[in-house]
Amino acid sequence: MMTEYIDKISYYLPELSKALSESGIMILISISAALIIGLPLGTFVYLTKKLPTKTNHWLGLLLNGYINIVRSFPFLLFVVALIPFTRLVLKTAFGTYAAALPLSFVAVALYARLVEQVLLEIPNDILELAQSLGSTKFQLIVRFLYVEARSGLVLSLTSVIISMVSYSTVMGVIGGGGIGDFALRYGYQRYEYAVMYTAIVLMIIFVSLIQISGSWLAKKINKK
């Protein structure tokens, strides 16, 4: 039985390795977008509530609308609805990189909202202290807000990474590949249930490692 299982996994190993690579690319691109765009986006939304002006008030409402719409949109329908835009930007709507685009939109919206929530938990005293010291907005954000919220920001990013692992499993619908597509195509559809459950176990292990690593890092940098 074990020999048969090993032989079966060995047979599908090239496809499994390719699927893991595709999942890694999709997750890496989407998480990079979350950090580069989602972090400042969530910070700006927070500032529009704490330090409102006529200009940033309306921009804050617009960005809040984007975040709410993307987060509430059924993901599979969002991927399909975004196909024309994906084709316009990347000249194709299929493949791993095309699949990473809708994932990036979702990652940005998810992380932006979580960043805002983490920053809102910071005591008002910190904001008042920064203002009393004459800090610029950049100094307020980098030296006060991010320092105070660093642990929560790491935990929030961990949650977004785990969500992206889950979302990436359905990207086979536009030829994105990935471990989820592998489990369905080579496992479920071919009645190779051992292959399917192996892929599922790998995803569980991957998610568990992400959660453990994120929790460890958040605890390590939390100096409170």
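This note goes through the fold, one helix, the aromatic pairs and a few single residues of a predicted model.

1. **Overall make-up.** The protein chain is helical throughout its list of elements: nine helices and zero strands. Read from the N terminus, the order is α-α-α-α-α-α-α-α-α. Along the principal axes, the C-alpha atoms fill a box of roughly 70 × 40 × 25 Å.

2. **Burial and contacts.** The chain has 224 residues, and 43% of them count as buried. Take the contacts between residues at least 6 apart in sequence: 78% of these join residues at least 24 apart.

3. **Surface and charge.** The accessible surface comes to about 12500 Å². Carbon and sulfur atoms hold 68% of that surface. There are 18 positive and 11 negative charges in the chain. The mean positions of the two sets are 10 Å apart.

4. **Helix α9, length check.** Helix α9 covers residues 193-221, which makes 29 residues. At 1.5 Å a residue, the expected span is 42 Å. The end C-alpha atoms are 42 Å apart, so expectation and model agree.

5. **Helix α9, packing.** Which residues of α9 are buried? They are V195, M196, T198, A199, M203, I210, G214 and A218. Their cover includes α1 (2-50), α7 (137-168) and α8 (179-188).

6. **V207.** This residue also lies in helix α9. Its relative accessibility is 23%, so V207 counts as partly exposed, given that buried means under 20%. Leaving aside residues up to four places away in sequence, V207 touches I162 and V165. For a longer reach, compare V207 with A100: the two are 107 residues apart in sequence, and their C-alpha atoms are 19 Å apart in space.

7. **Aromatic pairs, Y11 and Y12.** The structure holds eight aromatic pairs. One of them joins Y11 and Y12, with 5.0 Å centre to centre and 85° between the planes, an edge-to-face arrangement. Are these two residues buried or exposed? Y11 is exposed, with a relative accessible area of 59%. Y12 has 6% relative accessibility and counts as buried.

8. **Aromatic pairs, F85 and F105.** The ring centres of F85 and F105 are 5.8 Å apart and the planes meet at 75°. The pair is edge-to-face because planes over 60 degrees apart count that way. It links distant parts of the chain: F85 sits in helix α4 (residues 83-90) and F105 in helix α5 (residues 96-120), 20 residues apart. F85 is partly exposed at a relative accessible area of 35%. F105 is partly exposed as well, at 24%.

9. **Aromatic cluster.** Which residues do ring pairs link into a cluster? Y11, Y12, F182 and Y186.

10. **Positive phi at K91.** Phi of K91 is near 70°, a positive value in a residue other than glycine. K91 is placed in the loop between α4 and α5. Its relative accessible area is 70%, so K91 is exposed.

11. **Positive phi at Y191.** Where is Y191 placed? Y191 is in the loop between α8 and α9. Phi here is near 60°, again positive in a residue other than glycine. With a relative accessible area of 63%, Y191 is exposed.

Technical notes
Residues numbered from 1 in each chain as written. Predicted model: local features only at pLDDT ≥ 70, side-chain atom pairs only at ≥ 80, totals over all residues. Heavy atoms only, no water. Helix = DSSP H or I, 4+ residues; strand = E, 2+ residues; numbered from the N terminus. Expected span 1.5 Å × (residues − 1). Buried < 20%, exposed > 50% of the residue type's maximum accessible area, 1.4 Å probe, protein only. Contact = heavy atoms within 4.5 Å. Areas by Shrake-Rupley, 256 points an atom, 1.4 Å probe, with all protein chains shown as cover. Lys, Arg positive; Asp, Glu negative; His and termini not counted. Charge placed at Lys NZ, Arg CZ, Asp CG, Glu CD. Phe/Tyr/Trp six-rings, centres within 6.5 Å; stacked < 30°, edge-to-face > 60°.
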